[in-house]
Amino acid sequence: MAWQQYRCNLVWNGAVFGALYLGLFMDIRDRIVVVTGAAGGIGRALCQAFSDQNAKHVICADRDSAGAEETAHMIGGTAVTVDVADENQIKTLIDTTEASIGPIDIFCSNAGVLVEGGADALDAEWQRLWDINVMAHVWAARHVVPRMADRGSGYLLNTASAAGLLNQIGSAPYGVTKHAAVGLAEWLAITHGDAGIKVSVLCPQAVRTAMTEGHEDHVAAIDGMLEPEDAARACITAIQNETFLVLPHANVLKYMQLKAADYDRWIAGMQKLNRTYSTSSWV
Ligand SMILES: NC(=O)c1ccc[n+]([C@@H]2O[C@H](COP(=O)([O-])OP(=O)(O)OC[C@H]3O[C@@H](n4cnc5c(N)ncnc54)[C@H](O)[C@@H]3O)[C@@H](O)[C@H]2O)c1
């Protein structure tokens, strides 16, 4: 290892150790956490992981009331029925949680949906994905960030996807909205970091959930399908270390680097994948 790299590692390790020692990194114990899309899949695994880390209280929000109840029952949390495509319902979730349980420390905008299709997808479908995959994150930030900023601390965990970095074969609405979700998360981190608000964005490839059921051979699973618990564990580590980009599939970083190094070559590679996989349906 070159001396410079060695010195850099020493400084970094020292900084991490010092920050942990001084309690500067996020400790999940005793935190109040809200998770949307909590009725199953990654959201349920996140609720369980926060509970395992001794969070003070986990609010399990989903439009699927029965699923949210089931998750809440598993961990002794609170179930809330919320349609994140409606700003008022997100505002009420935040207002009610803060009034009845306490200040929200960590807000996870995790609910998300996928639809097949290109530019020809119906406007209503584009709008539905735009509202759930992007605007729900905007609305959560709109109503929770000022409260967190007043308190001088808070954490946003936004679930995007590797599709937000590398696009999605077979679904323009998903690829586009997930790129927007990544862009928003970056903007929030840049703009509100000085106010003590930290942001992480989760960008996995395939995870075994209702969303991927029956599509285990799809291109998104090309590097293997993780379990929701793997994704949740990666999020917990990222929050504890206050790391922005959460990549449970290590190859995603390599693909991002290839994309940045030679965009045209990356497009050609994606075209090849598209030829191979465009006949298999995603949803
Ligand atoms: N499974 C994967 O391979 C994968 C990969 C990358 C990113 N993601 C993202 O992870 C997140 C979680 O997805 P998942 O894989 O656990 O799928 P899932 O379908 O198991 O869970 C999604 C949850 O979101 C809820 N939801 C959907 N629309 C909602 C709305 N309008 N209001 C409230 N709740 C709503 C659903 O009821 C469901 O419980 C999504 O944002 C998804 O895009 C998933």
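**Core, ligand shell and selected residues**

Student: Does Asn133 count as buried or exposed, and what value places it in that class?
Tutor: In this predicted model, the class follows from relative accessibility, with buried meaning under 20%. Asn133 is therefore classed as buried, because its relative accessibility is 0%.

Student: In which helix is Asn133 found, and which residue does its side chain join in a polar contact?
Tutor: Asn133 belongs to helix α5. Leaving out residues up to four places away in sequence, Asn133 touches Ala111, Gly112, Val113, Tyr174, Thr177, Lys178 and Ala181. A polar contact of 3.2 Å links the side chain of Asn133 to that of Thr177.

Student: How many helices and strands does the chain have, and what percentage of its residues count as buried?
Tutor: The chain contains ten helices and seven strands. It exposes about 13,800 Å², of which carbon and sulfur atoms supply 54%. Of its 283 residues, the share that counts as buried is 45%.

Student: What share of the contacts with a separation of 6 or more is due to residues 24 or more positions apart?
Tutor: The count here takes the contacts in the chain with a separation of 6 or more. Within that set, residues 24 or more positions apart account for 68%.

Student: Which residues touch the most other members of the largest nonpolar core, and which element gives the most to this core?
Tutor: The largest nonpolar core holds 47 residues, and Phe107, Val144 and Leu156 touch the most other members. Two or more residues each come from β1 (32-36), β2 (57-62), α4 (87-100), α5 (123-151), α6 (163-166), α7 (172-192), β6 (197-202) and α10 (263-277). The element that gives the most to this core, with ten residues, is α5.

Student: With which residues is Val144 in contact beyond four places in sequence, and how many residues does another core contain?
Tutor: Once neighbours within four places in sequence are set aside, the contacts of Val144 are Ile94, Ile104, Phe107 and Leu156. Another core lies apart from the largest one and includes Met26, Ile42, Leu157 and Val246. The number of residues in that other core is 29.

Student: Which residues come nearest to the ligand, and how does the shell divide by residue type?
Tutor: There are 30 residues around the ligand, and Asp62, Asp83, Tyr174, Val207 and Thr209 come nearest. Both α2 (41-52) and α7 supply at least two residues of this shell. By type, the shell divides into 15 nonpolar, ten polar and five charged.

Student: At what distances do atoms of Arg63, Asp83 and Val84 lie from a nitrogen atom of the ligand, and what percentage of the ligand's accessible area does the protein cover?
Tutor: For Arg63, a backbone N or O atom lies 3.4 Å from a nitrogen atom of the ligand. Asp83 places a polar side-chain atom 2.8 Å from a ligand nitrogen atom, and Val84 places a backbone N or O atom 2.9 Å from a ligand nitrogen atom. On its own the ligand has 820 Å² of accessible area, and the part of this that the protein covers is 92%.

Student: Where is Ala38 placed, and what separates its C-alpha atom from that of Ile59?
Tutor: Ala38 is in the loop between β1 and α2, and it counts as buried because its relative accessibility is 0%. Excluding neighbours within four places in sequence, Ala38 contacts Gly43, Arg44, Cys47, Cys60, Ala61, Asp62, Gly67 and Thr71. Ala38 and Ile59 are 21 residues apart along the chain, and their C-alpha atoms are separated by 8.6 Å.

Student: What phi values do Asp30 and Asn167 have?
Tutor: Most residues other than glycine have a negative phi. Asp30, in the loop between α1 (3-21) and β1, counts as exposed because its relative accessibility is 57%. Asn167, in the loop between α6 and α7, counts as partly exposed because its relative accessibility is 39%. Neither is a glycine, yet phi is positive in Asp30, at about 70°, and in Asn167, at about 75°.

Student: What distance separates the C-alpha atoms of Glu69 and Ala79?
Tutor: Glu69 is found in helix α3 (residues 65-75), and its relative accessible area of 48% makes it partly exposed. Glu69 and Ala79 are ten residues apart along the chain, and the separation of their C-alpha atoms is 5.1 Å.

How values were computed. Residues are numbered from 1 along each chain as its sequence is written. This is a predicted model: local features need pLDDT of at least 70, side-chain atom pairs count only at pLDDT 80 or more; totals for chains, interfaces and linings use all residues. Side-chain values use heavy atoms; hydrogens and water are left out. A nonpolar core is a set of buried Ala, Val, Leu, Ile, Met, Phe, Trp, Tyr and Cys residues joined through side-chain atoms within 4.5 Å. Buried means under 20% relative accessible area, exposed over 50%, partly exposed in between (1.4 Å probe, protein chains only). Helices (H or I, at least four residues) and strands (E, at least two) are DSSP runs, numbered from the N terminus. Contact means heavy atoms within 4.5 Å. A residue is near a molecule or strand if one of its heavy atoms lies within 4 Å of it. A polar contact is a pair of N or O atoms within 3.5 Å; within protein, one must be able to donate a hydrogen and the other to accept it, and residues adjacent in sequence count only if both atoms are side-chain atoms. Accessible areas come from the Shrake-Rupley method with a 1.4 Å probe; for residues, only the protein chains shown count as cover. Ala, Val, Leu, Ile, Met, Phe, Trp, Tyr, Cys and Pro count as nonpolar, Asp, Glu, Lys and Arg as charged, and the others, Gly among them, as polar.
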